[in-house]
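Trainee: Got a minute? I'd like to walk through this model with you.

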Amino acid sequence: MKEHLEIDGDKRMSYYESAAKRIRNIDPNLYRGISQKSYKEVRSRGQYEADTILIAEYYRRVGVFLQHLSKGGTGIYVGMDMLIGYRIPDDAWDNFVVDFPNFTDIDILLMKMLSMHYLRWCALIDDRNSFALQFPDIYEPIITLFERGGGRISTHHHELVGGFGGFPKTIYATRGDMNPFDISEGALEKIIEEVKFAEAYLEEYRNGDLTERNCIRCGNRLLIHSHITEYGYPWYKIKCESEYCFNKNFS
């Protein structure tokens, strides 16, 4: 958690106070009117790639928690507080917008619910709840997503959807078996830069410039492979010569 050690005067902020500050600082301008915009108008492909890492890491952390509880899975809307037996008060919805007026213009139900559960989890940490103390940073990836402007997510049928594609609406305990994802600012910005570089390379390639480019991750060559769909539409794979390095499809 980014701010739970921040000093406010001579008083060390509680987990809840730190969480509340983060939620209040989420910029509503990042979300105002986005329901009328296409995904491409909201964020770049590189930003969506970074979003997938944050969501994947949130799923992984929830998976680890589910394994700790001996539960097989949980829905994306279910908070960690609910998994250990707490319920949401009837007036929680109304009070949330009063306490966090920036959410008046953020009409995204899932974002609101997960923010509420995050706040409740931090309150449990302050109350020295044993489960919360063992998993204090479980919400860090998803709150970072919201702070960065990647919170335009919703559920449709069996998926969590957004400009990044889709994730299962159910988070399974097996997610906890995955290796941790690097969600540091530097790692996320590197993902964005890599995609931006590849998009520029592809644009030049389409315009007839066949000059080779090198991967900004490892320095080896990037290779472009073109394909034509059965409907006659071209798509391209940009792949680094290094195994397990950059490998993305572009249309």
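Trainee: How many residues does helix 3 have, and how far does it reach from its first C-alpha to its last?
Mentor: Helix 3 has 25 residues and reaches 36 Å, close to the 36 Å expected at 1.5 Å a residue. The expected span is 1.5 Å times one less than the number of residues. Helices here are DSSP runs of H or I, at least four residues; strands are runs of E, at least two; both are numbered from the N terminus.

Trainee: Any ground rules before we go on?
Mentor: This is a predicted model: local features need pLDDT of at least 70, side-chain atom pairs count only at pLDDT 80 or more, and totals for chains, interfaces and linings use all residues. Residues are numbered from 1 along each chain as its sequence is written, and side-chain values use heavy atoms, with hydrogens and water left out.

Trainee: Back to helix 3. Is it mostly covered or mostly uncovered?
Mentor: Mostly covered, with 20 of its 25 residues buried. Buried means under 20% relative accessible area, exposed over 50%, and partly exposed in between (1.4 Å probe, protein chains only).

Trainee: What comes right after helix 3?
Mentor: Ser70, with a positive phi near 60 degrees.

Trainee: And Thr52: buried or exposed?
Mentor: Buried, at a relative accessible area of 18%. Thr52 sits in helix 3, residues 45–69. A polar atom of its side chain lies 2.5 Å from the backbone oxygen of Glu49. Leaving out residues up to four places away in sequence, Thr52 touches Phe164 and Phe167. Contact means heavy atoms within 4.5 Å.

Trainee: Phe167 again. Which residue stands opposite Phe167 in the strands?
Mentor: Leu160. Phe167 is in strand 6. Strand 5 and strand 6 (residues 165–168) pair antiparallel over four bridges. Two strands pair if DSSP finds at least two bridges between them. A hairpin of two residues joins strand 5 to strand 6.

Trainee: What about strand 4?
Mentor: Strand 4 (residues 154–156) runs antiparallel to strand 5 (residues 159–162), joined by three bridges. His156 stands opposite Glu159. In that hairpin, His157 takes a positive phi near 55 degrees.

Trainee: Switching topic. Which residues touch the most other members of the largest nonpolar core?
Mentor: Ile23, Tyr58, Phe65, Met80, Trp121, Tyr139 and Phe146, out of 57 residues. The largest share of this core, twelve residues, comes from helix 3. A nonpolar core is a set of buried Ala, Val, Leu, Ile, Met, Phe, Trp, Tyr and Cys residues joined through side-chain atoms within 4.5 Å.

Trainee: Is there another core elsewhere, and what is in it?
Mentor: A second, separate core has 13 residues, including Val195, Tyr201, Cys215 and Ile238.

Trainee: How many aromatic pairs does a search of the whole structure find?
Mentor: Ten. Rings of Phe, Tyr and Trp (its six-membered ring) pair if their centres lie within 6.5 Å; planes under 30 degrees apart count as stacked, over 60 as edge-to-face, the rest as tilted. Tyr39 and Tyr48 have ring centres 6.3 Å apart and planes at 85 degrees, so the pair is edge-to-face. Tyr39 is partly exposed at 32%, while Tyr48 is buried at 9%.

Trainee: And Tyr205 with Tyr236?
Mentor: Edge-to-face, 6.3 Å centre to centre with 80 degrees between the planes. Tyr205 lies in helix 9 and Tyr236 in strand 10, so the pair ties together parts 31 residues apart in sequence.

Note on methods. A polar contact is a pair of N or O atoms within 3.5 Å; within protein, one must be able to donate a hydrogen and the other to accept it, and residues adjacent in sequence count only if both atoms are side-chain atoms.
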